[in-house]
Structures are given as C-alpha cells and as structure tokens.
Amino acid sequence: MTRQLVLAAVAALAFTPAAGAQSNPSSASGRPPHGVAAIGAANADATVEPRRPDFINGTAVYPFADGTIYRVYAAPERVTDIALQPGENLIAVASGDTVRWVIGDTASGTGAEKRVHVLVKPFSAGLSTNLVITTDRRTYHIALASTGGPAMAALSWSYPQDALLAIRRAQEAAAAAAPVAAGLEIERLDFGYAISGDRPPWRPLRAFDDGRQTFIEFPPSLAVGEAPPLFLVDRKGEAQLVNYRLRGRYYVVDRLFDAAELRLGAKRQQVVRISRTGRRPS
C-alpha cells in the first residue's frame with residue numbers, strides 16, 4: 001500500500017504544471033492562433049472602422065483594397081446609401097440576414113456616369129450581419145451593424161489602383177504618340193533593308209536609317225510579349241550584342257549596320273535577320 005501511495009504522489013508531481021506556467025499549450029509555445037481564433041483575428045485585422053477624417057460632409061469615403069472589410073453603422077428608420085464607382089455594373093448582393101434587414105438597390109445618373117446605390121435599413125438596433133456586393137470590377141465585403149444612435153448616411157470609395165493605372169496608361173499613350181526621334185529629315189531616310197528568317201509574332205515590319213541612326217519598327221504585339229535582343233553580325237558571321245533604346249514600337253540603334261539578327265529563345269531559338277540591301281550613297 002505504501003509503495004502505491006508513493007508512486008501516485010510521484011505521478012501527480014510529474015503532471016502538475018509549475019507555478020506561472022500556461023495551461024494552454026498553444027499559448028505556451030507562442031504559436032499564432034489557428035482555427036476559429038485565427039479567423040476572428042484575421043477579420044478583426046481586416047476590418048476598417050469609420051473615422052472622422054474619412055468623412056466628406058456626411059459620406060464616409062474609404063480607399064478600396066481587395067479583402068478589406070468595411071464597417072457600416074445603420075439605424076432603424078434610417079436608410080444608409082452604399083454608392084459604387086460610376087460606370088460599375090452590379091452583379092449580385094448577398095446578405096447573411098435578409099429577414100431583419102431591408103436591402104435594395106437603385107441607380108443615379110446615365111451613361112458612363114450611371115452609379116449603382118445599395119440601400120440598407122435594419123428593423124431594430126443591436127443587429128449585425130455581413131454584406132457581399134459583386135460587380136463587374138470588384139467584390140466589396142461589408143460588416144453591417146445597427147445602433148440606436150446616429151447612422152451613416154452614405155458610404156463610397158476612392159480607387160487608388162485605378163488612378164495609378166490611369167496615370168500609367170496616359171504615360172504610355174504619351175510615349176506612343178511622341179516622335180521616335182527628333183530632327184528626322186524625310187529626304188535622308190533610307191529604307192533599303194530586308195527582313196528575313198523566322199516569322200514570330202514580334203517580327204519587325206521594316207527597318208530604315210537616317211545616315212546616323214537605325215530604326216527597327218515592330219508590330220503592336222511587341223508590347224505583350226518578351227522583346228528580342230539585337231545582335232550585329234560582322235562579315236565573318238560572328239554576332240555581338242548591341243545597345244539600343246526602345247521608343248514605343250521602335251528599336252533605335254545609334255549606328256548603322258549591314259546585318260543584324262533578332263534572337264529569342266533557347267531550345268528553339270527564333271531568329272529574324274535584318275540586312276541592308278544597298279549601300280547608302282556618300
């Protein structure tokens with residue numbers, strides 16, 4: 001009996017946590033939360049609450065970001081207007097609670113300025129649910145909450161990514177419209193070049209020079225694929241990589257040459273040769 005008591009005491013000591021030790025093994029190991037706890041932590045981190053600087057008059061304006069959850073506070077007997085981007089087409093609206101929330105949509109404006117408005121109103125205070133709005137441009141995730149206090153009159157977004165894309169397109173359009181080179185004299189242009197070899201999508205349309213520089217014109221497809229490097233080929237057939245500038249759809253080479261090759265690929269290399277067909281008169 002005494003031996004059994006001793007063994008029981010030893011076992012109890014072995015399985016008793018030390019003072020101050022954490023009983024939760026995940027907390028003791030310092031591991032991040034997982035399962036339901038991880039979902040709650042992620043949603044909390046992704047949720048944007050309205051702040052005073054976000055408001056322009058009575059409308060809260062948030063910068064849109066994919067995956068962000070936007071908090072909207074509504075109130076009974078008040079309609080909150082969720083306005084989408086002008087020109088954006090609504091596909092669907094889904095809510096976790098369609099019994100205690102009135103949810104509808106309407107539109108304002110016409111043509112390119114037509115704007116969809118999703119309207120929400122709770123039946124009572126103390127309710128919460130979520131709202132998912134899908135359009136032809138993006139998906140909005142909204143956390144709805146009803147209060148007995150003031151409600152948000154309206155909510156809309158700014159779109160920084162769209163603004164950056166618009167600036168980039170404007171820059172690309174300006175670069176495409178810019179002249180390939182300044183001071184070109186039409187009467188000095190020599191188009192005596194032949195294009196031969198493979199026929200990849202980027203095969204040049206033509207080549208010409210002004211007596212000082214050589215210009216190689218490519219089709220628009222050059223912008224959507226990998227651009228081929230340019231090699232000058234000497235009389236011995238040896239190729240040497242040459243420097244050039246890309247201006248819109250043109251390669252600009254700061255020298256003249258008799259033969260050059262555009263090469264792209266490793267196992268199955270595509271080669272297009274550019275050859276001068278005649279000597280420029282001196």
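**Notes on a strand-rich predicted model**

1. Of the 282 residues in the protein, 30% are buried. Please keep in mind as you read that this is a predicted model. The secondary structure consists of 20 strands and 4 helices. The accessible surface is about 17,700 Å², and carbon and sulfur atoms account for 55% of that area. If we take the contacts between residues at least 6 apart in sequence, 60% of them link residues at least 24 apart.

2. Let me begin with the antiparallel sheet. Five strands make up this open sheet, and their order is β12-β20-β19-β15-β16. The edges are taken by β12 (193–197) and β16 (239–241); each has a single partner strand, so one side of each lacks a neighbour in the sheet. From one strand to the next, the twist averages 30°.

3. The pairings inside that sheet are worth a walk-through. At one edge, β12 is joined to β20 (residues 270–276) by 5 bridges, with the two strands running antiparallel; here Tyr 193 sits opposite Arg 276 of β20. Next, β20 and β19 are antiparallel partners over 6 bridges, and Ala 260 faces Ile 274 of β20 across this pairing. Further along, β19 (residues 259–264) pairs with β15 (residues 230–233), again in the antiparallel sense, over 3 bridges. In that pair, Phe 231 stands opposite Glu 261 in β19.

4. A turn to look at: β19 and β20 form a hairpin, and 5 residues lie between the two strands. Gly 265, in the turn, has a positive phi of about 110°.

5. Now the mixed sheet. It is open as well, with 5 strands in the order β1-β4-β10-β9-β6. Its edge strands are β1 (47–48) and β6 (90–95), and because each has a single partner strand, one side of each is left without a neighbour in the sheet. A parallel pairing occurs between β4 (residues 69–74) and β10 (residues 139–146), over 6 bridges. Within it, Ile 69 is opposite His 141 in β10.

6. What lies in the largest nonpolar core? It holds 22 residues, and those touching the most other members are Ile 82, Leu 131, Ile 133, Ile 142 and Trp 157. Two or more residues each come from β3 (59–63), β4, β8, β9 (128–135), β10 and β11 (154–158). Ile 142 is a good residue to click on: beyond its sequence neighbours up to four places away, its contacts include Ile 69, Tyr 70, Val 72, Ile 82, Leu 131, Ile 133 and Trp 157. Another core lies apart from this one; it has 18 residues, including Ile 195, Ile 216, Val 242 and Ala 260. As background, nonpolar side chains in soluble globular proteins tend to be buried together.

7. Is His 117 buried or exposed? This residue of strand β8 (residues 115–122) has a relative accessible area of 13%, which is under the 20% cut-off, so His 117 counts as buried. Its side chain makes polar contacts with two others: the side chain of Asp 81 at 3.0 Å and the side chain of Ser 108 at 2.7 Å. Leaving aside residues up to four places away in sequence, His 117 also touches others, among them Ile 82, Ala 83, Gly 104, Asp 105, Thr 106 and Ala 107.

Methods:
Residues numbered from 1 in each chain as written. Predicted model: local features only at pLDDT ≥ 70, side-chain atom pairs only at ≥ 80, totals over all residues. Heavy atoms only, no water. Buried < 20%, exposed > 50% of the residue type's maximum accessible area, 1.4 Å probe, protein only. Contact = heavy atoms within 4.5 Å. Areas by Shrake-Rupley, 256 points an atom, 1.4 Å probe, with all protein chains shown as cover. Pairing = 2+ DSSP bridges. Axes fitted to C-alpha atoms, helices over the stretch in contact; angles between N-to-C directions. Polar contact = N/O pair within 3.5 Å; in protein donor to acceptor, adjacent residues only side chain to side chain. Core = buried A, V, L, I, M, F, W, Y, C linked by side-chain atoms within 4.5 Å.
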